Amino acid sequence: MSWEAYRWTAKTPSELYHTLGPHGVDELVRNALADVWRELPDEGRSVDAAIRAAREVAGRNIAVWKKIKQPSPAAFFEDLRPTSADGHFRQAMVLCWMMMPRAGGRDVKNVRKVIDGIFERNIRAWEDDNDFFAEKRKPARKLTSKPKAKKPKKTKAKKKKK
């Protein structure tokens with residue numbers, strides 16, 4: 001294990017979360033998707049082709065994790081293909097595992113659920129962005145610069161009985 005990897009594994013889940021933030025896993029998934037896009041040949045590059053390729057990357061890496069019986073660094077990186085997309089996707093899975101609270105036990109199945117949710121959210125965002133930029137449609141959601149402030153509830157003052 002490299003000194004850098006050891007430095008991260010020596011941290012508690014809360015320390016990792018504090019350092020890498022709630023977006024850490026999502027960022028690695030997005031890096032994997034960006035790598036998929038760049039690895040496609042110019043003549044075949046499209047959102048549909050990239051989504052198909054991204055699903056292949058996710059599928060093969062999740063398949064490896066489905067076989068894990070005893071979590072270990074060796075098991076986490078077993079059968080890793082030498083592509084940037086696979087590397088980023090697997091790193092996202094490992095980071096998710098490392099950031100999960102240790103109390104109560106961690107389960108590899110939970111990592112797959114979390115990663116699948118983050119992956120699908122990013123795929124939907126790609127589809128929405130493609131609809132907007134390539135198809136010249138309106139955005140799927142209204143984008144606002146700041147959330148609306150909630151109005152305080154008016155309470156009626158109770159009358160005191162004498």
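**Reading a helical protein: a dialogue on its core and contacts**

Modeller: In this predicted model, the largest nonpolar core has 38 residues, and those with the most contacts inside it are W65, F89, V111, I115 and F119.

Biologist: Which helices supply at least two residues each to this core?

Modeller: Helices α3, α4 (47–66), α5 (73–76), α6 and α7 each do so. The largest share, 11 residues, comes from α4.

Biologist: How many helices and how many strands does the protein have?

Modeller: There are seven helices and zero strands. Along the sequence the pattern therefore reads α-α-α-α-α-α-α. Of the 162 residues, 31% count as buried. The protein exposes about 12,200 Å², of which carbon and sulfur atoms supply 54%.

Biologist: How should one read contacts between parts that are apart in sequence?

Modeller: One considers the contacts with a separation of 6 or more; in this protein, residues 24 or more positions apart account for 61% of them. I115 offers a case from the core. Leaving aside neighbours within four places in sequence, I115 is in contact with V25, F89, A92, M93 and C96.

Biologist: What is the general idea behind reading the sides of a helix?

Modeller: An α-helix has 3.6 residues a turn, so residues three or four places apart point the same way. For the case here, consider helix α3. In α3, the buried residues are G24, V25, D26, L28, V29, A32, L33, D35 and V36.

Biologist: What span should α3 have, and how far apart are its end C-alpha atoms?

Modeller: At 1.5 Å a residue, the 16 residues of α3 should span 22 Å. The end C-alpha atoms of α3 are 23 Å apart, which agrees.

Biologist: How is an aromatic pair to be read?

Modeller: One looks at the distance between ring centres and at the angle between the planes; planes over 60 degrees apart count as edge-to-face. The structure holds three aromatic pairs. In one of them, the rings of W37 and W126 have centres 6.1 Å apart and planes at 85 degrees, so this pair is edge-to-face.

Biologist: Which parts of the chain does the pair of W37 and W126 link?

Modeller: The pair links distant parts: W37 lies in helix α3 (residues 24–39) and W126 in helix α7 (residues 108–133), 89 residues apart. As for exposure, W37 has 30% relative accessibility and therefore counts as partly exposed.

Biologist: What arrangement do F89 and F119 form?

Modeller: F89 and F119 form an edge-to-face aromatic pair, with 6.0 Å from centre to centre and 85 degrees between the planes. Because F89 lies in helix α6 (residues 84–99) and F119 in helix α7, the pair ties together parts that are 30 residues apart in sequence.

Biologist: Is F89 buried or exposed, and is F119 buried or exposed?

Modeller: A residue counts as buried under 20% relative accessible area. F89, at 2% relative accessibility, therefore counts as buried, and F119 counts as buried at 3%. Both residues were also named among those with the most contacts inside the core.

Biologist: How should a buried polar residue be read?

Modeller: One asks which polar atoms its side chain meets. The case here is N122, which is found in helix α7 and is buried, with a relative accessible area of 8%.

Biologist: Which polar atoms does the side chain of N122 meet?

Modeller: A polar contact of 2.8 Å joins the side chains of N122 and D26. In addition, a polar atom of the N122 side chain lies 2.9 Å from the backbone oxygen of I118. D26 is itself one of the buried residues of α3.

Biologist: Which residues is N122 in contact with, leaving aside neighbours within four places in sequence?

Modeller: N122 is in contact with D26, V29, R30 and L33. Of these contact partners, D26, V29 and L33 are listed as buried in α3.

Notes
Residues numbered from 1 in each chain as written. Predicted model: local features only at pLDDT ≥ 70, side-chain atom pairs only at ≥ 80, totals over all residues. Heavy atoms only, no water. Phe/Tyr/Trp six-rings, centres within 6.5 Å; stacked < 30°, edge-to-face > 60°. Helix = DSSP H or I, 4+ residues; strand = E, 2+ residues; numbered from the N terminus. Buried < 20%, exposed > 50% of the residue type's maximum accessible area, 1.4 Å probe, protein only. Contact = heavy atoms within 4.5 Å. Areas by Shrake-Rupley, 256 points an atom, 1.4 Å probe, with all protein chains shown as cover. Core = buried A, V, L, I, M, F, W, Y, C linked by side-chain atoms within 4.5 Å. Expected span 1.5 Å × (residues − 1). Polar contact = N/O pair within 3.5 Å; in protein donor to acceptor, adjacent residues only side chain to side chain.
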